[in-house]
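Trainee: I should like to take a close look at one part of this structure. Could you guide me through one strand, its partners and the elements around them?

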Amino acid sequence: MYDVFITKASTYLPNNPVSNDEMETYLGLINDAPSKAKSLILRNNKITTRYYALDKEGNPTHTNAQLTAKAVEGLFDENFKKEDMKLLSVGTTSPDQMQPSHASMVHGELNIGKSIEINTATGLCNSGMNALNYGFLSVKAGVNENAVCAGSERMSAWMTADKFNHEAENLKVLEERPIVAFKREFLRWMLSDGAGSFLLQNKPRENGISLRIDFIDFYSYAHEIEACMYAGCDKLEDGSLKSWADYPSDEWLKQSIFAIKQDTKILDKYILVKGAESLRSSFDKHNLDPEKIDHVLAHISSGYFKDGLKEEFAKKGMDFPAEKWFYNLSEVGNIGAGSIFIALEELMNSGTLKKGEQVLLCVPESGRFAYSCALLTVC
């Protein structure tokens with residue numbers, strides 16, 4: 001078995017940062033009416049800028065595969081050329097198509113001129129960590145001497161007004177103002193685009209920062225809790241999901257079946273509590289001392305959860321001081337599967353990491369409440 005190191009990280013954020021005031025310029029007005037929910041949601045999530053793979057007319061500027069490929073290309077240098085890549089493992093919530101796989105499309109974009117092993121992890125925020133874990137285990141077992149792992153999203157294309165106009169027409173209220181169900185509009189002001197990537201190798205780089213991956217753990221609570229975040233289906237009164245394939249095709253648009261949705265009541269009830277429970281399990285499993293953790297990178301979907309997460313961790317005996325937490329949510333937005341990659345890349349290149357420090361990664365997924373965490377040591 002080999003030690004595994006993150007020897008380089010790269011991020012790609014498309015176009016220019018988009019302010020809160022500009023969001024509807026890019027995404028469009030649903031039936032030409034400004035959103036009534038937007039200001040409340042933005043006030044709670046505390047995101048001030050984000051990135052869209054769109055121009056101001058709402059036209060796409062990049063595919064998800066192109067965003068991911070550009071992040072991966074940032075890993076190539078004189079020490080690691082694209083021809084050296086052995087494995088490409090990628091995760092996303094928002095692939096450009098159902099098939100072929102996202103990894104196949106990224107491989108095609110990279111044009112590296114040879115066959116490589118590929119892996120695609122699907123799901124929600126944890127798909128990026130699932131992709132990382134596949135690369136980690138492959139290098140650790142000696143199957144491959146290196147792996148390129150990436151997390152990405154292109155959610156803006158899911159959020160443009162044309163995707164919701166028909167639904168709003170069918171939900172007009174008495175004053176004839178078009179509305180969209182909150183469970184769908186909520187995420188319109190939460191999600192954004194971008195990609196991050198890591199190079200994994202079986203030895204650290206001679207010059208520069210490397211992070212040894214000590215472990216990656218995963219936990220699912222689907223045996224206890226119904227779905228909270230979902231797409232390509234709708235949620236019934238009993239909490240079950242009805243697939244798009246079981247709806248007549250003329251209902252797909254009327255009910256926004258393919259839109260990504262969030263049950264915010266269940267989100268608030270479970271997301272922090274189960275996150276703390278899962279992390280406590282990892283600390284017990286690996287006999288970790290919270291005081292020896294130097295940096296905590298927790299992916300959160302909204303600034304609304306920032307203080308509550310710290311409090312829930314503290315209740316479980318993991319009281320990390322405020323100065324140990326690292327966030328970049330307010331500047332780059334919620335990029336789902338790519339968020340933890342993008343945050344760690346910024347920390348790695350900040351110049352603040354010191355040899356021997358421990359970095360904790362925590363990623364929640366509200367789909368049906370799954371969590372992952374990883375411990376890294378600075379080399």
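Mentor: In this predicted model, Glu153 of strand E6 has Gly194 of strand E7 as its bridge partner. That pair belongs to a longer run, for E6 and E7, the latter spanning residues 193-201, are joined in the antiparallel sense by nine bridges. A further neighbour of E6 is strand E4, residues 87-92; E4 and E6 run parallel and are joined by five bridges. Two of the residue pairs may be named: Leu88 is partnered with Val148 of E6, and Thr92 is partnered with Ser152 of E6. In general, the strands of a sheet pair through backbone hydrogen bonds, in either a parallel or an antiparallel manner.

Consider next how E6 is covered. The strand comprises residues 146-154, and nine of its nine residues are buried. This applies to both faces: Asn146, Val148, Ala150, Ser152 and Arg154 are buried on one side, while Ala147, Cys149, Gly151 and Glu153 are buried on the other. Among the elements that meet E6 is helix H13, residues 339-348, which lies across E6 and also across E1, E7, E8, E13, E14 and E15. With respect to E7, H13 runs at about 65°.

The wider setting is an open sheet of nine strands with mixed pairing, in the order E5-E4-E6-E7-E1-E8-E15-E14-E13. E5, residues 117-122, and E13 stand at the edges with a single partner strand each, so one side of each has no neighbour in the sheet. From one strand to the next, the twist averages 20°.

Towards the E13 end of that order, two helices deserve attention. Helix H10 lies across E8, E14 and E15, and runs at about 45° to E15. H10 is also among the elements that cover the buried residues of helix H11, as are strands E13 and E14. H11 spans residues 306-315, and its buried residues are Gly308, Leu309, Glu312 and Phe313. Viewed down the axis of H11, these residues fall within an arc of 135°, so they line one face of the helix. The general principle is that an α-helix has 3.6 residues a turn, so residues three or four places apart point the same way. On the other side of H11, Asp307 and Lys315 are exposed. After H11 comes Gly317, which has a positive phi near 80°.

How values were computed
Residues numbered from 1 in each chain as written. Predicted model: local features only at pLDDT ≥ 70, side-chain atom pairs only at ≥ 80, totals over all residues. Heavy atoms only, no water. Buried < 20%, exposed > 50% of the residue type's maximum accessible area, 1.4 Å probe, protein only. Helix = DSSP H or I, 4+ residues; strand = E, 2+ residues; numbered from the N terminus. Pairing = 2+ DSSP bridges. Arc of directions from axis to C-beta. Contact = heavy atoms within 4.5 Å. Axes fitted to C-alpha atoms, helices over the stretch in contact; angles between N-to-C directions.
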